[in-house]
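Please open the structure in a viewer and keep the sequence panel visible. The tour below proceeds by selection, with a note at each stop on what is found there.

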Amino acid sequence: MPPQLAGGITGPGHLRPLLDTVLDALTTGATARGGPLPAGGPDTVARHVRDACAPAIPHTGTGAEHALRTLVHALAAGAADPAHPRCVAHLHCPPLALAVAADLATSALNQSLDSWDQAPAASALEAETTAALAALVYPGHRAPDALVTSGGTESNQLALLLARERHPGAPALRVVCGANAHHSIQRAVWLLGLPPAHVLPTPTGTLDPVALHTALGELGAPGPVLVVATAGTTDTGAIDPLPEIAHHTAAHGAELHIDAAYGGPLLFSDREAHRLDGLPFADSVTLDLHKLGWQPIAAGLLAVRDTTALRPLGHQADYLNADDDTAAGLPDLLGRSLRTTRRPDVFKIAVTLRALGREGLGALIDTVCDQAQHLADLIDAHPALTLRGRPEISTVLFRPTDADDTHVAAVRRRLLHDGHAVLGRAHADGRLWLKATLLNPHTRPADLTALLHLTTEGTTAR
Ligand SMILES: *Cc1c(COP(=O)(O)O)cnc(C)c1O
């Protein structure tokens, strides 16, 4: 008898006992770990994984129950757990249980968004959800649209590709960005074969509109220019002055892409949305819902002002979108991605948006922004710690007062090795800082106090 399938009427019945095994092993694994990440460092973790899972390809399999139990346990025991209040290094969010449950349905149904006949309802739901999200970014526009991507990196690549393709036959597109721009911008420039980006220094942490104005004036030579601004830098959460940047960009006849991978979801919060004033001036906007959106990876978006902006991605493959099928009314999906086989990552997003509403998501965002302010207050009042500045979104930079950069880096690695905390690191103002990126709405003030205590004392409390 071949192994059971997940789909159809009988699939759920086959899944149920396997899910019990998975959920039990997630519990035992997290219990065995006990903290935000496994203790002992890379060699210890690799040894535990080998002990639990070797050989990777046995001649005779262990069967579903055993393989699931041992590997899920090992994965959870050795996980960096973003749901732990001291796992705060990266824009690595703890996913909502409801979004993970929705993702299970996505996997079980295994729809593929490269053609309508592989995803009838999923493609309709993607169209509805992306239109609604695009309308949030571009309110009042006639037909804004958004693509679902694997994340900010792919969104930024697509944004630069669309900018290049808007000017067929023109001299090469030149990209102008701040030194604070995400590294994926430079990678996209390289991937697309564009001339090296014109990178403006950002000593204050954000792109200076006057320096931008000067640089655009000096570029002079003919050819299209794309300015890339950032709404929420990965290192500090800083938001570039978007209205001023949009003004100078338009005055010079350049185009604008805003990388709001981190800050974009502030749009859900009535209290914070104004920080993104100017966003609709952009020709395209990157946002990630696997950061401030509490989705399991992957949940990226690229929004454009009008759906016609996506035309350059149009592509034909007879088996997926033959002309006569399209003429007969079968939706043509191939131009909504550079990928072919594509998972409906939109499904968990759609469920989350329906379940929480704008209000519910906005409340989560306000909560983590408030936590960041509170952590900043604690650091500011701490005699042994220096706060870099007030947090702009939910990122807090700090360092042990009087420590040198080597010591700061060592503090972070000690906490990682001991499995006590996952803090990030960021260079700013010519120094190295510890970085806490708060994305867990369940974190309590006492958790933040404990985090600082571990940073300064090096105690062993878990
Ligand atoms: C995270 C991030 C990206 C990259 O997004 P991925 O989802 O990791 O591909 C791009 N830009 C900014 C500002 C980011 O914070």
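Helices and strands are DSSP runs numbered from the N terminus, a helix having at least four residues and a strand at least two. The model is a predicted one.

**First stop: a cis proline**

Select proline 55, which is found in the loop between helix 2 (41-53) and helix 3 (64-77). Display the backbone on its N-terminal side: the peptide bond from alanine 54 to proline 55 is cis, with omega near -5°.

**Second stop: helix 1 and helix 3**

Keep helix 3 on display and add helix 1 (residues 11-33). The two helices pack with their axes 7 Å apart, at an angle of about 30°. Angles under 35 degrees count as roughly parallel, and helix 1 and helix 3 are therefore roughly parallel to each other. The crossing of helix 1 past helix 3 is right-handed.

Show side chains to see the contact. Helix 1 contributes Leu18, Thr21, Val22, Ala25, Leu26, Thr28, Gly29, Ala30, Ala32 and Arg33, and helix 3 contributes Ala64, Glu65, Leu68, Arg69, Val72, His73, Ala76 and Ala77. Sorted by class, the contact of helix 1 with helix 3 has eleven nonpolar, four polar and three charged residues.

**Third stop: asparagine 110**

Move to asparagine 110, in the loop between helix 4 (97-109) and helix 5. Its phi is positive, about 50°, although asparagine 110 is not a glycine. Is this residue, asparagine 110, buried or exposed? Asparagine 110 is exposed, because its relative accessible area is 62% and the exposed class begins over 50%.

**Fourth stop: helix 5 and helix 12**

Select helix 5 (residues 120-137) together with helix 12 (residues 346-380). Their axes come within 10 Å and cross at roughly 55°. That angle makes helix 5 oblique to helix 12. The crossing of helix 5 past helix 12 is left-handed.

Which residues of helix 5 and helix 12 meet? From helix 5 come Leu125, Glu126, Thr129, Leu133 and Leu136; from helix 12 come Val346, Phe347, Ile349, Ala350, Leu353 and Arg358. By class, the contact of helix 5 with helix 12 has eight nonpolar, one polar and two charged residues.

**Fifth stop: serine 269**

Leave Arg358 on display and add serine 269, which lies in the loop between strand 5 (255-259) and strand 6. Serine 269 is buried, with a relative accessible area of 0%. Not counting residues up to four places away in sequence, serine 269 touches Arg358, Gly362, Ile365 and Asp366.

**Sixth stop: histidine 290 and its loop**

Next, centre the view on histidine 290, in the loop between strand 6 (284-288) and strand 7 (300-304). Histidine 290 has a relative accessible area of 11%; as the buried class lies under 20%, histidine 290 is therefore buried.

Two polar partners of the side chain can be displayed. Aspartate 288 is joined to histidine 290 by a side-chain polar contact of 3.2 Å. The backbone nitrogen of alanine 299 lies 3.0 Å from a polar atom of the histidine 290 side chain.

Expand the selection around histidine 290. Leaving aside neighbours within four places in sequence, its contacts are Leu91, Cys93, Ser150, Gly151, Gln295, Pro296, Ile297, Ala298 and Ala299. To relate this stop to helix 12, draw a distance to isoleucine 349: the two C-alpha atoms are 9.6 Å apart, although histidine 290 and isoleucine 349 are 59 residues apart in sequence.

Now follow the chain to alanine 298, also placed in the loop between strand 6 and strand 7. The peptide bond joining isoleucine 297 and alanine 298 is cis, with omega about 10°.

**Seventh stop: helix 9**

Select helix 9 (residues 242-251) and colour its buried residues, which are Leu242, Ile245, Ala246, His248 and Thr249. They pack against helix 8 (209-219), strand 4 (225-230) and strand 5. Just after helix 9, glycine 253 takes a positive phi of about 70°.

**Last stop: aspartate 429**

Finish at aspartate 429, in the loop between strand 10 (424-428) and strand 11 (431-437). Aspartate 429 is not a glycine, yet its phi is positive at about 55°. With a relative accessible area of 51%, aspartate 429 is exposed.

Key: Residues are numbered from 1 along each chain as its sequence is written. This is a predicted model: local features need pLDDT of at least 70, side-chain atom pairs count only at pLDDT 80 or more; totals for chains, interfaces and linings use all residues. Side-chain values use heavy atoms; hydrogens and water are left out. Axes are lines fitted to C-alpha atoms, for helices over the stretch in contact, and angles run from 0 to 180 degrees between N-to-C directions. Angles under 35 degrees count as roughly parallel, over 145 as roughly antiparallel, 65 to 115 as roughly perpendicular and the rest as oblique. A crossing is left-handed if the near helix is turned anticlockwise from the far one by less than a right angle, and right-handed if clockwise. Contact means heavy atoms within 4.5 Å. Ala, Val, Leu, Ile, Met, Phe, Trp, Tyr, Cys and Pro count as nonpolar, Asp, Glu, Lys and Arg as charged, and the others, Gly among them, as polar. Buried means under 20% relative accessible area, exposed over 50%, partly exposed in between (1.4 Å probe, protein chains only). A polar contact is a pair of N or O atoms within 3.5 Å; within protein, one must be able to donate a hydrogen and the other to accept it, and residues adjacent in sequence count only if both atoms are side-chain atoms.
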